[in-house]
Amino acid sequence: MTLSANDQVDASLGQLRVDPVWAWEPFVPTPNDPWDLRKVGHLFRRAAFAGSWPQLQQALEEGPEKTVSRLTTPPPKLAQFHQQFDPLLREAARGQGQGGIRAWWLRRMVESPFPLEEKLTLFWHGHFAISADRLRDPTLFVDYLLQLRESCLSSWQNVLATVCGHPALLLSAGSPQHRKAQPSLKWARIFAAQVGLAPDGLPATELQEIARAWTGWFVVNNRLRFIASEHDPRPKKILGRQGDFGIPELVAVISAHPASQEFVVRKLFRYFISEEHPPSGELLSPLVDCLAQGESLLGVVRVILRSNIFYSTLAYRSRVKSPVESVVGLARMLGQIVPTARLGEDLVDLGQDLCNPPTFDGWPEGRAWINHLSFLRRKQVLRQLAVSSALDPWAVAQKHGYGSINKLPDFLSQLIYQGDLPSTTMGTLQQKWNSLSASRPFQPADGAKVFLAELVQQPEFELA
Amino acid sequence: MMARVKRSIFTSLITILILPAANVCGAGEELPSATEWIPAEAAIVLEIPDSSKVVEGLLSKEFEGRIRENEQIRQFLESPQFAQIVGIVRYLEFRLGTDWKDAVRKLFGGRITAALLPRNQVLIVVDTKSAELLSKLHQVLLEHARDEAQKAGDPDRVASGVYKGWTGWTFDGGKNVHALVGSRLLLSNKADLLRSAADLAETGGAGSLARVAAYQQAQAALPQNAWVRAFVNIGLIKEAPRSDRIERAMRTNPLLALMVADNLEALSNATWMAAAINVDGGRVGLHVVADGTFPGGDHPTAFSLPTNESGCLRNIEVPRRLVAVSLYRDLARFYRQKDVLFPERTSGLIFFENMMGVFFTGRHFSEEVLPHLHPEIRLVVAAQEYQPDYGVPAVALPAMALVFRMKDPKQFVPMAEEAWQKALGLINFTRGQQALPGLILDRAEYRGVRYTVAAFSTVGLTPEDRKDVRFNFRPVLAPVGEYLVLSSTEQLARDIIDYLQQEDQNAARLPGRHFVLETDREGLLKLLKTNREAIIRQNMVERGHSREKAEAETNNLFALVAILGELRVELLRQEDKPQARIEVALPGTEN
C-alpha cells in the first residue's frame, strides 16, 4: 500500500489532497506493493460483497486488470439469471409481500453472477430511498426495483430518467399530484436534493421553476400519467437553460450539469473508496469529466476499481459494512446459499429494511451503522448464520484441500480476513479451536461452524 | 461422489437399523421384560409388544399395493435415491446370507421398547428373534464403522468397554452406545443409562419402570391387543423445564384457550397418560386415555364439556373439502372467563369488544350477543374452483367457513346481518382511504336462502391484475334455518347450504365429543399441487435450499400427506375422564 491516509488529509478542511493524476491511474503491482490476497479480498468486498476461495485464487493469478474487467463485465449467463429471478421476485411480491421481496432480493445478491449490478442497485435504492410501505402495492415496488437494476450501470441521465419515469418516486414522496394551479415547492426541494442541486443554495425562483416543470404529472391507479391540461406550458429557466421543460427535459438538463455530476461521483467515491475522508473537487474532477463526456456509471466504477487510490491505505478496510453487505458477504465467501427469508427480517432488526429505507436520505452510512446495541445484534445475526445448517465451512475447506483439523483455522482466516486479523486475536481463536477439536466427541463439521462464528464476530469483519 | 452418497446412506442405515454388539452373553436364556431394565424415572415409554404384526403388515403385498397406488410414493420408488438404498440392501443380503424380508422379520419381529428419561436420555431395547443374525449384522457394520473411522483419521471413535459382564460399544466416539445381551439389543445416547440398565438386570428389576404403580395402572387401562403402547408419566413431565409452555401460551392466546383449556385442566390433575395404537384393515387408530378428571360445575374450563347426550355435530361435508372441525364450545361462558383463561390478553381485547359494540349496535358482547349461539360450532376449509371472469389469484388460498347454531334465528339473524354489513362497510372505508379496491355488497338467493355477498370489481383489470390475492375472497353471510354461515367465498357458502338442507338432524350429533377434526387426503393433495411452485419457492428462501433440494423436500411433504392425509381426531369425555381417538386411513382404505 503506497499511500498513508493521514499524510494526505488536510487537517483544516478535512479534505483529501491527493494528486488526481496519480489517484486515478491504474494500479500497477510492484515488488514493494504487490498484487496479493489482501488487495484481491478488498476488491471483492467492495465490488462483489465478497469473494469465494476459487474467485480469490483466480483473481490472484490473473492480476488487477483482468480481475476488474471480469467483475465489471456482465457475464454471458446474466440474462438467463435475470430470466429466472425476475419472475420469482414478482411472484414473491404478489404472494408474500415485502417479506418475499426481501427474501428474494437477498437470494439474488447471494447468487448473482454479476454482484456489482446488485451492489449498484442497492446503491441507487439507498439514494432515492423509495419506501414500499408508502407504495402499498408490493408489485409496484418490485417493478421499480427491476427497472432500477436495468439502468443502474448505464448513464446518470438514464438512472434519473428511470426513477423520474416511475410512479414509485412520487408515491413514495407522498406527492402524487402536480397541478398547474399549485406547483409543489416541497417536492421541488426534495427532488433538487436528490439530484445534487443543494436546494438551500438554489434561488427560490429556480425551485419554483422546477416545481412548474413537474406540473401535469399524476399517479393514477399506480400508473404515472401526464395530463396536458394540468401542465404549466410557460417557459422555465433552470440551471441557466430556458424552455418549456417537462420531465424528460428537466432530467437532461440536470444530469448534464456539473454540480449534479460531481454529486454522483462524490457518492460513488464514498461507496467504493472512503466515507471517512471527503474528497476535494480537484480530486474528483477527472471522474466528473468522464461522466460529462458520456461515460457510463459502469465506466466510472471501472476507473475507480482500477485506480491507485482504490488500493491505497486510504481505502483499505476503511468503510463500515452495511448489514446487507455483512451477511451477503459471508454467504458469498463460502459460496453457499443461506435462508434469506429469516435473514430479511433480521436485517429489518438491524436497521436495513430492504423495502423501506428510513428517510429520503436513505440508510445511514459508515460509522453511523455501529453503536453498542447494533453491533451486538449484528454479531448475534452473524453467529446464527454461521452455525446454521445452511453454511458448511468444513465442506468448503474439504473441497479446497484444507479439510483437516490443522489446516481449517488458517484457511477460514485467509478466506475471510486475508491475513488482516491481528495475530493476538488469531492466537486466541487458534487456542479455542485447539481445545474444541481436542474435546470428545468432536464433529469437525460442527466445530468448523463454531470457529466460523468466532471469526465473523470479530470487529474487523465489519470493515469493508 | 456416488461412493460418498452410498457411504452416507450406509451410515444412516446403521443408525436406523439399531446395531447389535458383538458380545453375545447368555444366548438362549429367557430374558425378563424390557421394562425391568428401564429405570423408574422414565418419563415417556413406547412399546411394541409384538413387532411381527407391524412388520408383517408393512411387508404384506396388500400394503405394498396400497402404497404403490400413490403417485408421490411411486415417484420415490423410481428415484435414484431409492435405487441406491436397494443396492445397499442387496449387499447386506449377500453378507448376511439371507433375504432382506427374512432379516427384517428376525431382527424386528420381536418386542421393541423405547424410553425417554430426564435430560434427554434415551434407551431403546430391541428383542430380536435371532441372536446369530444380529451378531452377523453387527460384524458387517462394525467393519464398515472401523473403515470409516480410519478414513476420517479418527480410529478411536470405534471403541468398546465392559461393565458387569456387558460389553458396551460406540461407533461415534461416545455419542451413542449400545450393548447386546443374548438376543436383546440395548441402545442409548448415554453410557450411564446403559450402566443403569445393567444394574437393574443384576438386581432383578427392583426400582425399574415395571414396578411403578402409575405404569401398571396405565397398562391396565389400555386394550391388551394393542400394536403399540405408550406411557407418559405426567408427574415427571410437569417437573421438566418449560413443561407449562402450553399453559403459558394459552394465557395470551384466546384461540388456544378455546381449544385446549378443558383438556389441560384435566391433565393438570392426572398422574399418567397412556396410548394404544391399533391397525385394522389399513386404518391406524390411536386411543389416548389419562387418569385426570374434567372439573364440572362452574369451573372456568367447563365451557366445552358436553353432557352424556349432547356433543358436537358431525362435520360438514362439501366438495373439495380439506379440513373440517366440529366443536362443542359455549362461547358466552368461555368469554365470561377471559380474565381467568387468558388474563394477559384481556387488555388487548378492549379494542375488539369496542368494535363488537359498534357492529352489534351497543349490545354487550358476552351478555347480549354470544348467548344467542348454541355451543355447536363447525369450521370447514375447502379448495376453491376459480371463475376466470372473477380472477385466478397467483397464490390460491383455500376457502373457509364458520357455521354457528342459533338459538333464535328470528332475533339473531337481523343483528348478525347488520353487524356484517357494518364490518364490510368499515373494511371498504379503510381500503378506500388508501385508494385500494373496495367490496361491492349484493344480496343473492340460492335454494330459497337469501344471503349477503361482497365481491371485488374486475372492471378494467388486466389478467395480471386479476392474479391479486384479493380474488381469493368473496365473503358471504347466509342464514340457513337455525344455522348461520360465515364464509370467505360464495362457492363454499352454497356448498354448505346444499349440505345443511340435507343434513339429518338426528344423526348429526356425536354424544360425548367436544372436538372432532377431519382432513381429506385428496383435497389436501390437490391444494398442495396447485401451490406446488409457491411451496418450493418458499422452501428455497426459508431453508436456503437449491431448487432441486426444495423440490425433493416438497415431494417428501406430498408423500407424507399422501400417507397421513386422511385423518380423524376426536376429543371426548368418558366418565369425566379425557380421551382422544385418532385414526389415519392409509392410502387405498378411505371410506
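Which hand does the crossing of α5(A) and α8(A) have? The crossing is right-handed, where right-handed says that the near helix is turned clockwise from the far one by less than a right angle, and left-handed that it is turned anticlockwise.

A word on the model before going on. This is a predicted model, in which local features need pLDDT of at least 70 and side-chain atom pairs count only at pLDDT 80 or more, while totals for chains, interfaces and linings use all residues. Residues are numbered from 1 along each chain as its sequence is written, with chains lettered from A and ligands numbered from 1 in the order in which they are written.

**The two chains**

Here is how the chains look on paper. Helices (H or I, at least four residues) and strands (E, at least two) are DSSP runs, numbered from the N terminus. A residue is buried if 20 or more other C-beta atoms lie within 10 Å of its own, exposed if 12 or fewer, and partly exposed in between, with C-beta atoms placed from the backbone.

| Chain | Helices and strands | C-alpha box along principal axes | Buried |
|---|---|---|---|
| Chain A | 23 helices, six strands | roughly 80 × 55 × 45 Å | 47% of 464 residues |
| Chain B | 21 helices, 20 strands | about 80 × 60 × 40 Å | 34% of 591 residues |

Chain A has a radius of gyration of 24 Å, which agrees with the value near 23 Å for a compact globule of 464 residues. That radius is taken over C-alpha atoms, and the globule rule is 2.2 Å times the number of residues to the power 0.38.

Contacts come next: two residues are in contact if their C-beta atoms, placed from the backbone, lie within 7 Å. Take the contacts in chain A between residues at least 6 apart in sequence, and 74% join residues at least 24 apart. For chain B, counted between residues at least 6 apart, 71% join residues at least 24 apart.

Where the chains touch, 16 residues come from chain B and 16 residues from chain A. The chain B side divides into five nonpolar, five polar and six charged residues. Ala, Val, Leu, Ile, Met, Phe, Trp, Tyr, Cys and Pro count as nonpolar, Asp, Glu, Lys and Arg as charged, and the others, Gly among them, as polar.

**Helix pairs in chain A**

Back to the opening pair. Helix α5 (residues 78–111) and helix α8 (residues 138–151) of chain A pack at about 135°, with their axes 8 Å apart. That makes α5(A) oblique to α8(A). Axes are lines fitted to C-alpha atoms, for helices over the stretch in contact, and angles run from 0 to 180 degrees between N-to-C directions. Under 35 degrees counts as roughly parallel, over 145 as roughly antiparallel, 65 to 115 as roughly perpendicular and the rest as oblique. Among the residues that meet are Leu89(A) and Ile101(A) from α5(A), with Phe141(A) and Val142(A) from α8(A).

Further along, the axes of α22 (residues 423–438) and α23 (residues 444–456) of chain A come within 10 Å and cross at roughly 160°. These two helices, α22(A) and α23(A), are therefore roughly antiparallel to each other. Their contact includes Trp433(A) of α22(A) and Phe451(A) of α23(A). By class, it has six nonpolar, two polar and two charged residues.

**One residue up close**

Ala315(A) sits in the loop between α16 (297–306) and α17 (323–334) of chain A. Ala315(A) is buried, because 25 other C-beta atoms lie within 10 Å. Not counting residues up to four places away in sequence, Ala315(A) touches Ile273(A), Ser274(A), Ile309(A) and Phe310(A).
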